[in-house]
Amino acid sequence: MKARAKRPPGDGRQIVTTPPEQTLTEFIIDEQRKVPHATGGFTALVNDLGLACKRIANIVGKGPLVDLVGKSGTINVQGEAQAKLDIVADQILFRTHLRSGTLAAMLSEECEDVRRIPTEYPRGRYLLAFDPLDGSSNIDVDVSVGSIFSVLPDPDEHAEVGPDAFLQPGTRQVCAGYAIYGPTTMLVLSLGHGVHGFTLDREIGEFMLTHPTMRIPDEASEFAINASNSRFWEPAVKRYVDECLAGSSGPRGRDFNMRWVASLVAEAHRILLRGGVFLYPRDDRASARSGRLRLLYEANPIAFLIEQASGRASSGYGPILEVQPESIHQRTGFVFGSRAEVERIESYHRDHNERRYDAPLFGSRGLFRDSA
Ligand code: MN
Ligand code: MN
């Protein structure tokens, strides 16, 4: 009797894959039902955020096909040369939120002052801070860029909103997230109950839930830091990086990989998806003594996501989210990612608070040794 031929795998069986079904709007409606006394204003706010990000994704995706590549010739409040797309993205976020009565004011990286909702529109209960286009210096080389946003409650509905209203610690955020404009456009956000990722389906124009409940692994084998600043680093940072570089023959007993995209959104996205640690610590340069990244619209919203995904976000010395802001464009050192790695970096900062780190592993041959 002839042996029956083996069926090749999959033969005769239909593989059925169901596309993601839940849109961002449906997700927010479900979330809002869990909050007692919710008014629906929040659904409108997140919808506006999604719409603004779709508009920005559309323009960013056209690249040099529209005349929006390159520098605008202007300098922003941070002293940075603005790309044309920085300004366009800022205007899109501002205008998209004017009408729905959800916000009282907005704060942007690209604008020195807080912008109130004009009196012709209804005033809402929330404040929105954003970095309209993060990583924009990378845009001409087609590296992923993004938009970062943070939503705070308006502390006093009856007072005129000024900068002080935004000076709330990150623990007060009611929603935070980012859009990343890469090979796909994604919106990743948290309303304080986990972190959820939505992928833009361009044909139907909706963000679809593709990454529910994202979680960062506790341990990491990838670190991201701009090593060209190593001669300015604090002892704790030098020690941490030296020990990673020493790999399996060093005190960590295992090998690490290094990553550096120089785009906060892209770094945060990678870490949310596969773990790792990111460091942009404060250092000895005059321009970085208090850190480089902005607390209210870069560090706080990313920290909110990282903590909601079981990671840890720190200034190096303690939790970012507990920092009481003193000014709206304030900068901070920022370390985030897998919890165990960030806790280790914090412990090194405590150890080296008073003492210098003398790089015992590498001495004068250390890759990242002190400059003489
Ligand atoms: Mn940025
Ligand atoms: Mn920016």
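Domain bounds here come from an automatic or database domain assignment, and the structure on your screen is a predicted model. With that in mind, let's take a walk through it.

**Stop 1: the two domains and the pocket**

Start by colouring domain 1 (24-211) and domain 2 (222-351) separately; the lining of the largest pocket draws at least three residues from each of them. To find the pocket, select Glu-80, Gly-135, Ser-137, Ala-262 and Arg-294, which lie nearest its centre among the 28 lining residues. The volume of this largest pocket is about 560 Å³.

Next, show the cartoon. Strand S2 (81-83), S5, helix H5 (264-274), strand S13 (277-280) and strand S14 (293-294) each give the pocket lining at least two residues. If you colour the lining by class, you will find 12 charged residues, nine nonpolar and seven polar.

**Stop 2: manganese ion, ligand 1**

Now select ligand 1, a manganese ion, and show the side chains around it. Its protein donors are Asp-131 (OD), Asp-134 (OD) and Glu-298 (OE), at 2.0 to 2.2 Å from the ion. Along the sequence, these donors follow the spacing D-x2-D-x163-E. Are Asp-131 and Asp-134 buried or exposed? Both Asp-131 and Asp-134 are buried.

**Stop 3: manganese ion, ligand 2**

Keep Asp-131 on display and add the manganese ion that is ligand 2. The two manganese ions are 3.8 Å apart, and Asp-131 coordinates both. For ligand 2, the protein donors are Glu-109 (OE), Asp-131 (OD) and Leu-133 (O), which lie 2.1 to 2.3 Å from the ion. Their spacing in sequence is E-x21-D-x1-L.

Trace the chain from Glu-109 to Asp-131. This pair links distant parts of the chain, 22 residues apart: Glu-109 is in the loop between strand S3 (103-108) and strand S4 (115-116), while Asp-131 is in strand S5 (residues 126-134). Switch on a surface and look for this pair: Glu-109 is buried, as is Asp-131.

**Stop 4: the cysteines**

For the last stop, select the cysteines. How many disulfides does the structure hold? There are zero disulfides. Click on Cys-175 to see one case: the closest cysteine sulfur, in Cys-53, is 11 Å from the sulfur of Cys-175, so the two are too far apart for a bond. Cys-175 also counts as buried, because its relative accessibility is 1%. Finish at Cys-244, which is buried too, with a relative accessible area of 2%.

Technical notes: Residues numbered from 1 in each chain as written. Chains lettered and ligands numbered in written order. Predicted model: local features only at pLDDT ≥ 70, side-chain atom pairs only at ≥ 80, totals over all residues. Heavy atoms only, no water. Donors = N, O, S within 2.8 Å, 3.2 Å for Na, K, Ca; no water. Helix = DSSP H or I, 4+ residues; strand = E, 2+ residues; numbered from the N terminus. Buried < 20%, exposed > 50% of the residue type's maximum accessible area, 1.4 Å probe, protein only. 1 Å grid on protein atoms, 1.4 Å probe; cavity = no way out; pocket = protein on both sides within 12 Å on 5 of 7 lines; lining within 4 Å. Points joined across faces, edges and corners; volume = space filled by probe spheres on them. Nonpolar A, V, L, I, M, F, W, Y, C, P; charged D, E, K, R; others polar. Disulfide = S-S within 2.5 Å.
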